[in-house]
Protein chains: 2
Amino acid sequence: MRADARKNRDHLLEVARDVVNEQGADASLRDIARRAGVGLGTLYRHFPRREALLEALLRTRFDALTTRARELETSTSPDKALITWLHEIVAVTHNFRGAIALMVAAIAEPDSALHASCVTMKAAGTQLLLRAQAEGLTRADLNGTDLFALISALAWLHDQPSFATRADHLTNVVASAVLTRSTQDFLREASGGPAAGR
Amino acid sequence: MRADARKNRDHLLEVARDVVNEQGADASLRDIARRAGVGLGTLYRHFPRREALLEALLRTRFDALTTRARELETSTSPDKALITWLHEIVAVTHNFRGAIALMVAAIAEPDSALHASCVTMKAAGTQLLLRAQAEGLTRADLNGTDLFALISALAWLHDQPSFATRADHLTNVVASAVLTRSTQDFLREASGGPAAGR
DNA sequence: ACCTGAACACCGTTCAAGT
DNA sequence: ACCTGAACACCGTTCAAGT
């Protein structure tokens, strides 16, 4: 790639990150090109579809979560590893409104540029669930899809301004539903006792 | 209202209901006017903003849910009333993709045409929660906003094609988190024993 | 090679002109 | 009173013309 093209591409990514943080995944591409000081055609040359731009922004985060899941699998107890990872993946959407809807779509759509990254991440998360289930620490009636559905729903809550302040609390509530009764003690420790939170 | 105007209005609502069921709350208004056989200006004369059209479609459903909550409050045990209502409100979104996002926005926005209807419904639901909490049947660290956040998240799951088949199961999982341990027996009865569901 | 912006087909919304 | 569709300002996406 020519030096000027690389510079344009990198700058577009920087600007896109800011704009998406401000306006969400459906931000205007014209606006991104304008703020980056390049023509709209230049944006399309580097990122032929909106998805290609978002993919470039999200892939590194998703791959990092995959790595993180594998770390937790060997470093931490099965129940704590699962719940910790659940909180971390939900937190990733903090500055990326709409990221989770993209992940859900990418898993279902094999042609998506994000497909491989998301499927790998889902597999890594499912491993954490299976490991905890093998020791009877989590509900037996949940599969990997259920885990990702709950994660997605909680991340969606984070995206809603009127619910954002309660989202962390509700993540704990849902986590308590995933764990079997006997394993819920460390959750109470983690949140500093049963908070009233009214 | 003149007879021809009333006829146009009613027909627009019928067509809008079908189109929104097919395409969701962000369906093209041009498309609705076209399929109703009226000019685009006619649609805007009867429903000056998109929200006014959706409001006409949703208000009756939300008001029915308010009535239903008040019925359950006097007819059914506190825990069963709450969980039954939770399932019913989640089910309302089955043929209205995006209905819950509208409800969330309407509660936060006092100028919304749906505001009164949604706030009343939220109050009715909160009453069911408080009644169950008063008898110690549900977690004490949940408020009415938390209840509606969980409802909204579950309804959002119903809207996602890849999660829709698991949404009812996950509603039961979340319901089990809302109930205190001693009151979870009727949930197991309701779902016919602990289902493996893999 | 790469960049640019006009052009195309859409959208929500408004409004002057008709009946 | 009510209806109509052109007009306006946006959007995503494409592509002929430039450097």
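A polar contact is a pair of N or O atoms within 3.5 Å. With that in mind, note that the model on screen is predicted, and begin with the protein-DNA contacts.

**Stop 1: DNA strand D**

Select Y44(A) and DNA strand D. A polar atom in the side chain of Y44(A) sits 2.9 Å from a phosphate oxygen of the strand. Add S28(A), where an N or O atom of the side chain is 3.3 Å from a phosphate oxygen of DNA strand D. Then cross to chain B and pick G39(B): here a polar backbone atom lies 2.7 Å from a phosphate oxygen of DNA strand D.

Which elements give two or more residues to the surface near DNA strand D? From chain A they are α2 (29-36) and α3 (40-46), and from chain B they are α1 (3-23) and α3 (40-46). Colour α3(B) separately, since this helix contributes five residues, the largest share of that surface.

Now show every residue around DNA strand D. There are 21, and the closest are R30(A), R50(A), N8(B), G39(B) and T42(B). Of the strand's atoms that come within 4 Å of the protein, 61% belong to sugar and phosphate. Coloured by class, the surrounding residues come out as eight nonpolar, seven polar and six charged.

**Stop 2: DNA strand C**

Move to DNA strand C and select its surroundings, again 21 residues. Those closest to the strand are N8(A), G39(A), T42(A), R30(B) and R50(B). Sugar and phosphate make up 61% of the atoms of DNA strand C that lie within 4 Å of the protein.

Three phosphate contacts can be picked out here:

- G39(A): a backbone N or O atom is 2.7 Å from a phosphate oxygen of DNA strand C.
- Y44(B): an N or O atom of the side chain is 2.9 Å from a phosphate oxygen of DNA strand C.
- S28(B): a polar side-chain atom is 3.3 Å from a phosphate oxygen of DNA strand C.

Next, highlight α1 (3-23) and α3 of chain A, then α2 (29-36) and α3 of chain B; each supplies at least two residues of the surface near DNA strand C. The largest share, five residues, is that of α3(A). By class, this surface has eight nonpolar, seven polar and six charged residues.

**Stop 3: chain A as a whole**

Hide the DNA and show chain A as a cartoon. How many helices and strands does chain A have? The chain has ten helices and zero strands. Along the principal axes, its C-alpha atoms fill a box of roughly 60 × 35 × 25 Å.

**Stop 4: helix packing in chain B**

Switch to chain B and select α5 (residues 78-91) and α8 (residues 144-159). The two helices pack at an angle of about 45°, and their axes are 9 Å apart. Because of that angle, α5(B) is oblique to α8(B). The crossing of α5(B) past α8(B) is right-handed.

Show side chains at this contact. L82(B), W85(B), L86(B), I89(B) and V90(B) of α5(B) meet a set in α8(B) that includes L147(B), F148(B), I151(B) and H158(B). The contact of α5(B) with α8(B) has ten nonpolar, one polar and no charged residues.

Keep α8(B) and bring in α7 (residues 115-134) of chain B. Their axes come within 9 Å and cross at roughly 105°, so α7(B) and α8(B) are roughly perpendicular to each other. M121(B), K122(B), G125(B), T126(B) and L129(B) in α7(B) meet G144(B), T145(B), L147(B) and F148(B) in α8(B). By class, this contact of α7(B) with α8(B) has four nonpolar, four polar and one charged residues.

Key:
Residues numbered from 1 in each chain as written. Chains lettered and ligands numbered in written order. Predicted model: local features only at pLDDT ≥ 70, side-chain atom pairs only at ≥ 80, totals over all residues. Heavy atoms only, no water. Near = heavy atom within 4 Å. Polar contact = N/O pair within 3.5 Å; in protein donor to acceptor, adjacent residues only side chain to side chain. Helix = DSSP H or I, 4+ residues; strand = E, 2+ residues; numbered from the N terminus. Nonpolar A, V, L, I, M, F, W, Y, C, P; charged D, E, K, R; others polar. Axes fitted to C-alpha atoms, helices over the stretch in contact; angles between N-to-C directions. Parallel < 35°, antiparallel > 145°, perpendicular 65-115°, else oblique. Left-handed = near helix turned anticlockwise from the far one by under 90°. Contact = heavy atoms within 4.5 Å.
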